[in-house]
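Student: Could we go through this model step by step, with a short question for each part?

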Amino acid sequence: MRKSSIILTLAFCFILPLFGFHTTAQASGFTDVPKRALKEVNYLAEGGIATGSSATIFAPDTIVTRAEAATFIARALQLDGKQKQTVFKDVAASNPSSGYIQSAVDKGILSGYSGGRFLPDKDVTRGEMAVMMSRAFGYEFGGSLSGAAKALTSRGIASGMEDGTFGSDKQITRVDFSVFLARAINPEFRMKQTASFKQTFWVNTNNLNVRTGPSTRYSKSASLQKDVKVVSSHEVGSWVYIKSANGTGFVHKSYLRNTEEASNSRPGEDDNGSNPGTIGNADPRLANQVIILDPGHGGTDPGASGFNLREKDVVLDTGLKTNELFKKTPFKVYMTRTGDTFPSLSDRTKFAKSKNGNVFVSIHANASNGAGNGTETYYYSSAATNPYVSDSKLLATKIQQRMLDALQLKNRGVKPYGYYVIKYNSMPAALAELGFIDNAKDNEKLKSDYWRTQAAKALYLGILDYYKAKGYQVDSLYSAAK
Ligand SMILES: [Zn+2]
């Protein structure tokens, strides 16, 4: 999936890093942080990620609460921290962390407890921290505490306790949490060199600022010119950690392209069982069109639930049924998951981009403590991260209309919102919320195989409607959903 560049990597071996945390992390002014963690805490403070109770007090030995953990991680990933209504009855909009908590939950990094509670003041354990970090940074961890612990230790982000265990059930202090977070963000803090620069990009703008951390709060360390080749190791929110001839650092993802040529040439791809020509008279251009279906959640992340039904199961089945409908069309269709697994949100968008997707449809079900009901579809409305605003809205509108026809649930409309998989994407993208899993009426439909088949047909037809509106000849394909 990723191209490695051996020549480029060799070339970098002879270049000394031109900058690092030791020269750039500004002193934060905290007087109570132990020396062993000063660089890391200062680094997070410089980015506004970790804050103290005052300019001088960091309270390093206080145990991290779930609200604090959500805040630190959400700030690191540049998630929206604006205070807002949350889905949890113990996190009011007036809670200073409400925005961070809801954003982190929306991204699948944290989840709530039964009864619609988040328990914001609950202490965080080392094991929970490892799971949060694994999800936030897209580490594969197999859904277990031990897997998450291994994901961190193997990367030199955390080490075990003196007794040889990871101490998963031990509480974690603010200072230790900060050290681990700094190491996850910037490999220069790690206990060993584990950044692996694998994916190649080209700079798509002039004078691109390289920074020491993933936000414009961090100091500039270098500047890159248009068409310069860089290699990346990992993403932190919408920033990418890259290596170039000028050293390592962070650049904003929107200024990179993944093809050498600025044009959008599309190499041949293997497909997953599409069967061109089964349906006659379809537009020949469709054979080059790639659709990404993204059933939400999965694995350790059940998503919403209600009446003994889990979102991850509903949306996977619906996605598989939709994929089935496309098999007799010329489209190439890829799914971000085909089983009960949990690809991280960045895995999903990376996958979509690696397949050169033309359309991305994420499938979800809603929940709101039984209070809400109906069908809604989202698109992302700022071209800063996903340039395809009008096409995304068109796609969402077509899908919403077909879902209303098919499911006959309340129309909650087509709405803009920054869900990760549609925001940090680079193709027309929509996120469909089929219905409310915790509403009795909607749940009746979501749990029914018949209605999930109708939902799949609606997604299929909505995508065809989108292509038709874009001027493609798709009429012969509608019969597959009769
Ligand atoms: Zn969902």
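Student: Which residue just after α5 takes a positive phi?
Tutor: The model is predicted, and its helix α5 covers residues 98-106. Just after that helix, a phi of about 80° is found at Gly 108.

Student: How many of the 9 residues of α5 are buried?
Tutor: Buried means under 20% relative accessible area. Among the residues of α5 that meet this are Tyr 100, Ile 101 and Val 105. The helix is mostly covered, and the count of buried residues is 8.

Student: What do the buried residues of α5 pack against?
Tutor: The buried set includes Ser 98, Gly 99 and Ala 104. Their packing partner is another helix, residues 66-76, named α4.

Student: Which residues are the protein donors of the zinc ion?
Tutor: The donor atoms lie 2.0 to 2.1 Å from the zinc ion. In sequence the donor residues follow the spacing H-x13-E-x52-H. With their atoms, they are His 297 (NE2), Glu 311 (OE) and His 364 (ND1).

Student: Why does the pair Glu 311 and His 364 tie together parts that are apart in sequence?
Tutor: Glu 311 lies in helix α9 (residues 311-326), whereas His 364 lies in strand β12 (residues 359-366), so the pair ties together parts separated in sequence by 53 residues.

Student: Are Glu 311 and His 364 buried or exposed?
Tutor: Exposed would need over 50% relative accessible area, and buried needs under 20%. For both Glu 311 and His 364 the result is buried.

Student: What percentage of residues 198-260 is strand?
Tutor: UniProt, in an unreviewed entry, lists this span as "domain: SH3b". Its end C-alpha atoms lie 15 Å apart. The span is 0% helix, and its strand share is 57%.

Technical notes
Residues numbered from 1 in each chain as written. Predicted model: local features only at pLDDT ≥ 70, side-chain atom pairs only at ≥ 80, totals over all residues. Heavy atoms only, no water. UniProt positions renumbered as here; feature names shortened; annotations may be inferred. Helix = DSSP H or I, 4+ residues; strand = E, 2+ residues; numbered from the N terminus. Donors = N, O, S within 2.8 Å, 3.2 Å for Na, K, Ca; no water. Buried < 20%, exposed > 50% of the residue type's maximum accessible area, 1.4 Å probe, protein only. Contact = heavy atoms within 4.5 Å.
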